[in-house]
Amino acid sequence: EKSWPKALRISLYFIALFWAFMGVGMVCDQFMAAIEEITSSEKVVWMEVHTGARRGFHVKTWNATIANLSLMALGSSAPEILLSATELVFNDCFAGKLGPSTIVGSAAFNL
C-alpha cells in the first residue's frame, strides 16, 4: 500500500473512516431504541378507589433515571468489557495488561 499514490491512500482512509462512523451511528441508534423500549415498559397495578371499586393504573416498570444511568453505563463500557473478555479467551484465562486497565480507566467516566 505504500506504493499507492498519496491521494488514493487519503481518499481510502476517509472513506473507511466515514464507513466506521456510520456503523457506530447505526449501532448507537439501535442501542438507544432498545433502552427506550426497555424503560418504557409498563405494568397494570390494581388499586381500590374511594367507593371500594378496583381500578387498574398503568405504572412504569423501571425508574427512568436509574434505568437510563445503569443501561448507559453498561452500553458505554461494552467495548472495554468485550476487549477484556477477548483478551481472557486468547490469553488462556489470564488477565493481560490491556483488559483490566481499560475497564478501571473507563469506570471513572461512568461516574
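Let's start at Asn-68, which sits in helix H2. This is a predicted model, so read every number below as computed from predicted coordinates. With a relative accessible area of 33%, Asn-68 is partly exposed, because that value falls between the 20% under which a residue is buried and the 50% over which it is exposed. From here you can look across to Glu-37: the two residues are 31 apart along the chain, and their C-alpha atoms are separated by 11 Å.

Now zoom out to the helices themselves. H1 covers residues 6-39, and H2 covers residues 64-90. How do H1 and H2 pack, in terms of angle and axis distance? The angle is about 150°, and the axes are 11 Å apart. That makes H1 roughly antiparallel to H2, because angles over 145 degrees count as roughly antiparallel. As for handedness, H1 passes H2 in a right-handed crossing.

Stay with H1 for a moment and find Ile-10, which belongs to that helix. Ile-10 has 41% relative accessibility, so it counts as partly exposed. It's also part of a nonpolar surface patch of about 530 Å². The other contributors to that patch are Tyr-13, Phe-14, Leu-17 and Phe-21. If you're colouring the surface by residue type, those five names are the ones to pick out.

Next, on to the strands. E1 runs over 42-48 and E2 over 54-60, and Val-49 is in the loop between them. Is Val-49 buried, exposed or partly exposed? At 29% relative accessibility, Val-49 counts as partly exposed. Try drawing a line from Val-49 back to Ser-11: they are 38 residues apart along the chain, and their C-alpha atoms are separated by 68 Å.

Gly-56 gives you another pair to check. This glycine lies in strand E2, and its 25% relative accessibility makes it partly exposed. Gly-56 and Val-45 are 11 residues apart in sequence, yet C-alpha to C-alpha they are 5.5 Å apart in space.

Last stop: the backbone after H2. Most residues other than glycine have a negative phi. Which phi does Asp-92 have, then? It's positive, at about 55°, although Asp-92 is not a glycine. Asp-92 is placed in the loop between H2 and helix H3, the latter spanning 99-110. Its relative accessible area is 65%, so Asp-92 is exposed.

Cys-93 tells a similar story. Its phi is positive too, at about 60°, and Cys-93 is not a glycine either. You'll find Cys-93 in the loop between H2 and H3. At 67% relative accessibility, Cys-93 counts as exposed, because the cut-off for that label is over 50%. If you plot backbone torsions for this model, look for Asp-92 at a phi of about 55° and Cys-93 at about 60°.

Methods:
Residues numbered from 1 in each chain as written. Predicted model: local features only at pLDDT ≥ 70, side-chain atom pairs only at ≥ 80, totals over all residues. Heavy atoms only, no water. Patch = residues over 30% accessible without salt bridge, like charges linked within 9 Å, V, L, I, M, F, W, Y side chains within 5 Å. Areas by Shrake-Rupley, 256 points an atom, 1.4 Å probe, with all protein chains shown as cover. Salt bridge = Lys/Arg side-chain N within 4 Å of Asp/Glu carboxyl O. Helix = DSSP H or I, 4+ residues; strand = E, 2+ residues; numbered from the N terminus. Buried < 20%, exposed > 50% of the residue type's maximum accessible area, 1.4 Å probe, protein only. Axes fitted to C-alpha atoms, helices over the stretch in contact; angles between N-to-C directions. Parallel < 35°, antiparallel > 145°, perpendicular 65-115°, else oblique. Left-handed = near helix turned anticlockwise from the far one by under 90°.
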